[in-house]
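Visitor: I've got a model to look through before lunch. Can you walk me through it?
Guide: Sure, put it up and ask away.

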Amino acid sequence: AALLPPPGGPGDAAGQELPVESRPFASYGSALHIALPQAPRAGQLLTLLIDYEAGEGPGVCWLSPEQTAGKQKPYMYTQGQAVLNRSFFPCFDTPSVKFTYSATVKVPEGFTAVMSATTWEKQKDNTFVFKMSQPIPSYLIALVVGDIVSADVGPRSRVWAEPCLIEAAKKEYDGVIEEFLVVGEKLFGPYVWGRYDILFMPPSFPFGGMENPCLTFVTPCLLAGDRSLVDVVIHEISHSWFGNLVTNATWGEFWLNEGFTMYAQRRISAEVYGLPYTCLEAATGRALLRQHMDSTGEQHPLNRLRVVIEPGFCLFLGVNPDDTYNETPYEKGYCFVSYLAHLVGNQSKFDAFLQAYVNRFKFQSITADDTLGFFLEYFPELKEKGVDSIPGFEFDRWLNTPGWPPYLPDLSPGQQLMRPADELAELWAADALNMEAIEAVDITGWRTYQLVYFLDQILQKSPLPEGNVKRLSKMYPKISKSQNAELRLRWCQIVLKNNLEAEYSKVKDFLHSQGKQKYTLPLYRAMWGGSEATRALAMETFSATAPQLHVNVQNYVKKILGLVGGE
């Protein structure tokens, strides 16, 4: 490391060599200590030059050609959240520190580099120059290098993808992104990031989406062909205000990012698609929270909004592989934000509060105390009533007590879509099928989330009486032969729960086609918890697909299958 002279001042351009030392920090990274020649003054600008090499760590993912959609060229991407970017470049790797950045990236001929930056410029010699002019936390810096191309889908949006996916990506997202951005701006205030581009990642990308500013990364599973999975994009767009602009200062209060983003996503969805559909989507989210709490036990310490992160223990994705994906900050967080809206009792007043909240804390990193303090300051009449300490609903209880949310928002507008699905699932669970009643229900007009909700009900009632699932599969090819990832996941779970051996190949095909964590782990759990035949299927599928999975996902699956080497 070297200390460079202040810009414009005299001094040796090469700078002054400084002693550096790497010290232990945690199981996921070490601390870089640099000794300065003299103690700096508060507010003094220092220019440090650090020469380093990276690429082996968990934040940088190198894909071989077979892990991509095109299967021709390798690909690399970085994933910073939560504390992985420290393996990509030296940084203050905490969401409590925000900074601007610039980067110059030279790549081989035939490759393109893109980053989460406000400006992007290609220079000669296949060199790309990036600048992010707004301050962001370290976890939002992201880089991709691959054989990728782009297509415009709106006045400030383009899609990026491998050449073989670009047409599908353009078709799926043409015109829709701008609509979501406009509604988001109307609700939460100006969109400050300039562009909003979407990059469709290779199939092995382990997440649904990652809200890197200006350039959201998403799973190619969103290319459903019928625009039915755009809610993931609405979620990532919502992070433009909640998470990226106003950020949790510590990962122990991740619900400040995710609970507010779920609320914002559903506000945008209600404006664009109406309340019944949004309530139906929220009901599937609630079902995921229920499944999660049933499997961990409600009193598990992760099932509270404020999680104590022990020194050396980190809650977030892929850092401590014992801890897989967790619904609590998303769905319990959503319930708490909904409870705050319920206390206000007026949607447009609460919308105005959200806009004031974003404006007050933009470009800052904050704690739940900041959020709740501002809420009570903004609504003095509520503060006077002591709404923070209503018995059973105390803010402190929301934050610090594990378990099911004390308040659940009313999802009854979704009943008009849920009731027919509930009734149809009842019919299919009967010992003697009433085919006349079943045939009287026309599901051709049902939207994806209505079908998802129906399958969730079937899964809850499984195993169904002998032969019923086989008939259901035959009757609804729209479901059993669907290429939609959300439907495929649930259909595979139903096939496994009912030991429908004739369709085990669908489970294998689905796991071969993508590596998203939320789809992959539940299916391996189901296979491992099933019969000899499903355990053999799990082992066979994993040995064939392991090389195409993200290393964290590989480790999680090894753990489920009891294989040595699962960290």
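Visitor: Start with the open sheet. In what order do the three strands run?
Guide: The order is 2-1-5, and the pairing is antiparallel. Strands here are DSSP runs (E, at least two residues), and helices are DSSP runs too (H or I, at least four residues), both numbered from the N terminus. Two strands pair if DSSP finds at least two bridges between them. This is a predicted model: local features need pLDDT of at least 70, side-chain atom pairs count only at pLDDT 80 or more, and totals for chains, interfaces and linings use all residues. Residues are numbered from 1 along each chain as its sequence is written, and side-chain values use heavy atoms, with hydrogens and water left out.

Visitor: Which strands stand at the edges?
Guide: Strand 2 (16–17) and strand 5 (47–49). Each has a single partner strand, so one side of each has no neighbour in the sheet.

Visitor: How many bridges link strand 1 and strand 5?
Guide: Three, in the antiparallel sense; strand 1 covers residues 2–4. Leu3 has Leu48 of strand 5 as its bridge partner.

Visitor: How confident is the prediction? What is the mean pLDDT?
Guide: The mean is 93 for the protein chain, and 95% of its residues reach 70 or more. pLDDT is the predictor's confidence in each residue, from 0 to 100.

Visitor: Where is the pLDDT below 50?
Guide: Over residues 311–322. Beyond near neighbours in sequence, that stretch has 35 contacts in the model. Contact means heavy atoms within 4.5 Å. Where pLDDT is low, don't read the predicted coordinates in detail.

Visitor: Switching to strand 14. How many of its residues are buried?
Guide: Four of five, so strand 14 (residues 157–161) is mostly covered. Buried means under 20% relative accessible area, exposed over 50%, partly exposed in between (1.4 Å probe, protein chains only).

Visitor: Which way does strand 14 pair with strand 13, parallel or antiparallel?
Guide: Antiparallel, over five bridges; strand 13 is residues 149–154. A hairpin joins strand 13 to strand 14 through two residues. Val149 has Ala161 as its bridge partner in strand 14.

Visitor: And with strand 15, parallel or antiparallel?
Guide: Strand 14 and strand 15 pair in the parallel sense, over two bridges. Trp160 stands opposite Leu199 in strand 15.

Visitor: What comes after strand 14? Where is Pro163?
Guide: Pro163 is in the loop between strand 14 and helix 1 (166–173). Pro163 is partly exposed, at 41% relative accessible area. Leaving out residues up to four places away in sequence, Pro163 touches Asp147 and Val149.

Visitor: Now the record. Which residues does UniProt list under "binding site"?
Guide: The unreviewed UniProt entry lists Gln79, Gly80, Gln81, Pro206, Phe207, Gly208, Gly209, Met210, Glu211, Lys516, Gln517 and Lys518. UniProt annotations may be inferred rather than shown by experiment.

Visitor: Take Pro206 from that list. Is Pro206 buried or exposed?
Guide: Buried, at 2% relative accessibility. Pro206 sits in the loop between strand 15 (197–200) and strand 16 (209–210). Beyond four places in sequence, its contacts include Tyr77, Lys516 and Gln517.

Visitor: So what about Lys516, buried or exposed?
Guide: Lys516 is buried as well, at 5%. Its place is the loop between helix 17 (504–513) and helix 18 (517–528). Not counting residues up to four places away in sequence, Lys516 touches several residues, among them Pro206, Phe207 and Glu486.

Visitor: Backbone oddities next. Which peptide bonds are cis?
Guide: Two to look at: the bond from Gln81 to Ala82, with omega near 5 degrees, and the bond from Ser462 to Pro463, with omega near 0 degrees. Ala82 lies in the loop between strand 7 (75–78) and strand 8 (98–106). Most residues other than glycine have a negative phi, and most peptide bonds are trans.

Visitor: What is the phi of Asn126?
Guide: Near 55 degrees, a positive value in a residue other than glycine. Asn126 is in the loop between strand 10 (119–123) and strand 11 (127–137). At 8% relative accessibility, Asn126 is buried.

Visitor: Last one, the whole chain. How many helices and strands?
Guide: The protein chain has 20 helices and 19 strands. Of its 567 residues, 54% count as buried.
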